[in-house]
Amino acid sequence: EREIERRPCEVDALFDTVRQNTQKSLADRGVTLITHSSGGTLNCNADLIQSLLINLVDNAAKAYDADAPDKRVLLTFSGDTIEVRDFGRGIPEQAMERIFEPFYMVDKSRSKKQGGAGLGLAIVQRIASAHGAALTAESIPGEFTAIKIVFPTK
């Protein structure tokens with residue numbers, strides 16, 4: 001709730017930390033993390049942005065059914081935008097407007113099995129807001145879900 005301390009952070013270093021912190025849980029689910037960055041820096045609080053990205057990557061990994069043949073999560077950076085994209089089950093249109101609400105879960109039965117309280121995306125939104133970043137979500141059920149964080153330009 002207070003002002004956050006920001007410093008220039010190398011995006012590639014942020015992505016490396018996210019990879020290290022999600023490696024085991026992704027491997028356990030059979031999910032591959034693919035990163036692509038145009039390089040550069042963000043003026044941000046590295047710890048908070050790492051938490052935001054780890055949360056989004058973990059959520060994306062949970063979007064796959066156990067028997068899905070090609071489980072991958074894309075983490076990309078270009079210009080002023082970070083995107084996390086999966087190709088899992090997607091989010092129904094009627095749920096999209098609520099996904100950033102605290103305690104809201106799209107599939108309550110699946111969320112209980114995988115552990116979670118429905119706070120992840122609400123926290124992600126708070127972190128993005130603290131950085132003055134816009135957070136958007138797009139999903140087509142059965143095709144993909146993409147969450148974008150658009151940081152303010154300098």
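1. Is R85 buried or exposed? R85 is buried, with a relative accessible area of 18%. The cut-off for that label is under 20% relative accessible area. Its salt-bridge partner is E83, at 3.0 Å from N to O. E83 counts as buried too, because its relative accessibility is 13%. Please read this and the points below with one caution: the model is predicted.

2. Overall fold. The secondary structure comes to 5 helices and 7 strands. In sequence order, the pattern is β-α-β-β-α-β-β-α-α-α-β-β. The chain has 154 residues, and 41% of them count as buried.

3. Helix α2. This helix covers residues 46-61, which makes 16 residues. From first C-alpha to last, α2 reaches 22 Å. That is close to the 22 Å expected at 1.5 Å a residue. Just at the start of α2, a side-chain oxygen of N45 comes to within 3.2 Å of the backbone nitrogen of D47.

4. Buried positions in α2. The buried residues of this helix are I49, Q50, L52, L53, N55, L56, V57, A60 and A61. Polar side chains are on that list: Q50 and N55 are among the buried residues. The background for reading such a list is helix geometry. An α-helix has 3.6 residues a turn, so residues three or four places apart point the same way. Try that on the run of I49, L52, L53, L56, V57, A60 and A61, which are among the buried residues of α2.

5. The two cysteines to check. Which cysteine sulfur is closest to that of C9? The closest one is in C44, 3.4 Å away. A bond is ruled out because that distance is too far. The cut-off here is 2.5 Å between the sulfur atoms. Seen from C44, the closest cysteine sulfur is that of C9, again at 3.4 Å and too far for a bond. The structure therefore holds 0 disulfides. A disulfide is a covalent bond between the sulfur atoms of two cysteines. Do not draw one between C9 and C44 in this model, where the sulfur atoms are too far apart for a bond.

6. Where those cysteines sit. C44 is found in strand β3, residues 41-44. C44 is buried, with a relative accessible area of 1%. C9 also counts as buried, at 9% relative accessibility. C44 and E10 are 34 residues apart in sequence, yet their C-alpha atoms are 9.8 Å apart in space.

7. Salt bridges. The count comes to 8 salt bridges. Side chains of opposite charge can pair when their charged atoms come close. One of the pairs is D58 with R29, at 3.0 Å from N to O. This pair links distant parts of the chain: D58 is in helix α2, R29 is in helix α1 (residues 11-29), and 29 residues separate them. R29 is partly exposed, with a relative accessible area of 25%. R29 and D58 also belong to a network of salt bridges with K62.

8. R72 and its two contacts. What does R72 lie over? R72 lies over the face of F87, at 4.3 Å from the ring centre. The side chain of R72 also meets that of D70 in a salt bridge, at 2.8 Å from N to O. R72 counts as partly exposed, at 27% relative accessibility. D70 is partly exposed as well, with a relative accessible area of 44%.

9. Aromatic pairs. The count comes to 0 aromatic pairs. The cut-off behind that count is ring centres within 6.5 Å. The ring of F87 still has a charged neighbour, since R72 sits over its face within the 6 Å limit for such a contact.

10. Contacts between residues far apart in sequence. How far apart in space are I4 and H131? Their C-alpha atoms are 8.0 Å apart, although their positions lie 127 residues apart in sequence. I4 lies in the segment before β1 (7-10). I4 is buried, with a relative accessible area of 17%. A second case is G39, in the loop between β2 (32-37) and β3. G39 is buried, with a relative accessible area of 16%. The C-alpha atoms of G39 and D12 are separated by 6.2 Å, with the residues 27 apart along the chain.

Terms used: Residues are numbered from 1 along each chain as its sequence is written. This is a predicted model: local features need pLDDT of at least 70, side-chain atom pairs count only at pLDDT 80 or more; totals for chains, interfaces and linings use all residues. Side-chain values use heavy atoms; hydrogens and water are left out. Rings of Phe, Tyr and Trp (its six-membered ring) pair if their centres lie within 6.5 Å; planes under 30 degrees apart count as stacked, over 60 as edge-to-face and the rest as tilted. A charge sits over a ring if NZ of Lys or CZ of Arg is within 6 Å of the ring centre and within 35 degrees of the ring normal. Helices (H or I, at least four residues) and strands (E, at least two) are DSSP runs, numbered from the N terminus. The expected span of a helix is 1.5 Å times one less than its number of residues. Buried means under 20% relative accessible area, exposed over 50%, partly exposed in between (1.4 Å probe, protein chains only). A polar contact is a pair of N or O atoms within 3.5 Å; within protein, one must be able to donate a hydrogen and the other to accept it, and residues adjacent in sequence count only if both atoms are side-chain atoms. A salt bridge is a side-chain nitrogen of Lys or Arg within 4 Å of a carboxyl oxygen of Asp or Glu.
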